[in-house]
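Subject: Structure for you to look at

Hello,

Here is the structure I said I would pass on. My notes on what was found in it follow below.

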Amino acid sequence: MDVISVIRTKRDRGELTADQIDWVIDAYTRGEVAHEQMSSLAMAIFLNGMNRTEIARWTAAMIASGERMDFSSLPRPTADKHSTGGVGDKITLPLAPLVAACGAAVPQLSGRGLGHTGGTLDKLESIPGWRAHLSNAEMLDVLRDVGSVICAAGEGLAPADKKLYALRDVTGTVESIPLIASSIMSKKIAEGTGSLVLDVKVGSGAFMKNIDDARELASTMVELGADHGVRTVALLTDMATPLGLTAGNALEVRESVEVLAGGGPQDVVDLTLALAREMLTAAGLPDADPAKALADGSAMDHWRRMITAQGGDPDAPLPIAREQHTVTASATGTLTALDAYAVGLAAWRLGAGRARKEDPVQAGAGIELHARPGDPVTAGQPLLTLHTDTPEKFDYALAALDGGVEIGPADTSFEARPVVLERIA
C-alpha cells in the first residue's frame with residue numbers, strides 16, 4: 001500500500017477500498033503519511049465526496065486508532081448528546097444533570113470554542129476550581145456517584161481524528177460532510193455511550209447554513225451510529241438567532257443555573273427538555289419526566305454535585321467583566337432580526353472565544369440580549385450589553401454587529417421559527 005495510489009483513487013473519483021482506508025488512517029496516525037499527503041487526500045475527499053460504505057469504514061478506522069471506553073459496569077443506561085455548535089448554545093450545562101436526575105448516566109465529553117461558536121469547557125472553567133481534565137477512572141467515579149460528568153476527551157480516544165481535525169482546520173477542508181460526520185461519530189462511538197442524541201444546528205450562526213446540508217449531515221451520522229450499535233437520533237434546531245439571552249462563558253453559566261432553578265429563557269428550556277426526552281427514550285427510560293426534575297429541584301441538586309465532584313464551587317461568584325457598553329435601538333418598531341453569526345462574532349472579538357486553540361479566553365466577556373426578534377422596541381432602549389476586560393475591543397465588536405440587528409415598523413408581522421425544526425432517526 002502507498003499513499004500516492006490512495007490519493008489518486010479519490011482524486012479520480014474512485015471508491016477507496018477498506019484496505020486503503022484502514023492503511024492510510026493507521027499510517028497517518030503513526031506519522032508514516034506526511035501532513036501534506038493527508039492534506040491532498042482530504043481535499044480530494046472534500047471535492048469528490050465519499051459514499052456510504054467509505055464513510056462507515058473511515059469512521060471505523062478512526063475509532064480503531066485509539067481506545068474505546070466501557071461503561072458497562074455502571075448501574076444506569078448511558079446517553080450522550082452532541083451539538084454541532086452555535087451561539088449561546090449552553091444546553092449541555094443544564095441538560096447533563098437533568099438527564100442524570102431522571103435515571104440515566106451522561107458521559108459528556110466536550111470541547112473548547114473556536115471562532116464564533118462557544119465551547120462547553122470554556123464556559124464551565126469560569127466556575128472557580130472546576131476541572132475539565134479527568135482520568136478515565138475519575139470520570140467513571142463521577143458517573144457512578146453523580147450520574148453525569150462533563151469533561152475533556154482523553155488523548156487515547158480517536159487520535160487519528162485529533163490529527164485530521166487540526167489539519168482540516170488549516171487546509172480549507174472543514175466543510176466536507178463525510179469528514180465532519182466521521183469526525184464527530186468516531187469520538188462519540190469510541191466514548192462508549194449506549195445512545196446518542198445529535199443537535200444539528202441550522203442557520204447563520206451554525207456550521208450548516210441551510211436545512212438540506214444539515215439534513216444530510218444528520219442522516220449520515222444517524223446511520224453511522226446504527227452501524228456501530230449506538231442508538232442515535234438527531235434533531236435539527238434553529239440557529240438563526242442566538243439561543244437564550246447570553247453569549248459568553250460566565251454569562252452562559254449564570255443563565256444555565258437560572259434554567260436549573262426553574263426559570264431561564266423559554267427557548268433554552270424548550271430545547272433542553274426536547275433533548276432530555278430524546279436521550280431518556282433512547283436510554284430506555286421513556287416514562288421519566290424531565291420537566292418535573294427541573295421543577296422539583298432534583299436537576300439543580302445533580303448540577304451542584306457534578307460541579308463539586310470536578311473541583312468546582314457551585315456557590316462561588318462568577319467572573320464579571322470590568323467594562324460594559326450598551327447598544328440601543330436606533331428606532332421604534334419591531335425587532336425583526338438579531339443575527340446569530342453577528343452576535344457570536346462580536347462576542348468572540350470581545351474575548352469570549354479564541355482564534356487558535358492555544359489562545360486564552362476571558363471568562364466574563366460576552367453579550368447580553370435584552371430583546372429577541374418579534375419584540376416591540378423603542379428608540380433608545382437597550383438591545384445588547386457588551387462585556388469585556390479590554391475596552392479597546394468595543395469598536396471591533398460593534399463592527400461585527402453592523403447589519404446584524406434589524407428593526408421594522410411597529411405593525412410588522414413576525415412569525416418566530418420553532419427551536420426544533422425536524423427529527424431524524
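The residues that line the largest cavity divide into five nonpolar, 10 polar and two charged. Please keep in mind that this is a predicted model.

To stay with that cavity for a moment: its volume is about 110 Å³. A search of the whole structure finds one cavity of 30 Å³ or more. The lining has 17 residues, and those closest to the centre are His116, Thr117, Gly118, Ala347 and Ala352. Two elements give two or more residues to this lining, namely helix H11 (249-260) and helix H15 (340-352). H15 gives the most, with four residues.

Next, the pockets. The second largest pocket holds about 420 Å³ of space. Its lining is made up of 22 residues, and Asp238, Thr241, Arg372, Ala416 and Arg417 are the ones nearest the centre. Helix H12 (266-282) and strand E8 (333-338) are the elements that give two or more residues to the lining of this pocket. The largest share, three residues, comes from E8. Sorted by class, the lining of the second largest pocket has 10 nonpolar, eight charged and four polar residues.

Then there is a sheet to look at. It is an open sheet of four strands with mixed pairing, in the order E1-E4-E5-E13. Strand E1 (80-83) and strand E13 (420-424) are at the edges with a single partner strand each, so one side of each has no neighbour in the sheet. On average, neighbouring strands of this sheet are turned by 20 degrees against each other, direction ignored.

At the E1 edge, E1 pairs with strand E4 (residues 195-202) in the parallel sense, over four bridges. If you want a place to find this pairing on screen, Asp80 stands opposite Leu196 in E4.

A helix also belongs in this part of the picture. Helix H10 (residues 211-227) lies across E4, strand E5 (231-238) and E13. Its direction is at about 165 degrees to that of E5.

If you have little time, I would look at three places. One is the cavity around His116, Thr117, Gly118, Ala347 and Ala352. Another is the second largest pocket, with Asp238 and Arg417 among the residues nearest its centre. The last is the sheet with H10 lying across E4, E5 and E13.

Regards

Key:
Residues numbered from 1 in each chain as written. Predicted model: local features only at pLDDT ≥ 70, side-chain atom pairs only at ≥ 80, totals over all residues. Heavy atoms only, no water. Pairing = 2+ DSSP bridges. Axes fitted to C-alpha atoms, helices over the stretch in contact; angles between N-to-C directions. Contact = heavy atoms within 4.5 Å. 1 Å grid on protein atoms, 1.4 Å probe; cavity = no way out; pocket = protein on both sides within 12 Å on 5 of 7 lines; lining within 4 Å. Points joined across faces, edges and corners; volume = space filled by probe spheres on them. Nonpolar A, V, L, I, M, F, W, Y, C, P; charged D, E, K, R; others polar.
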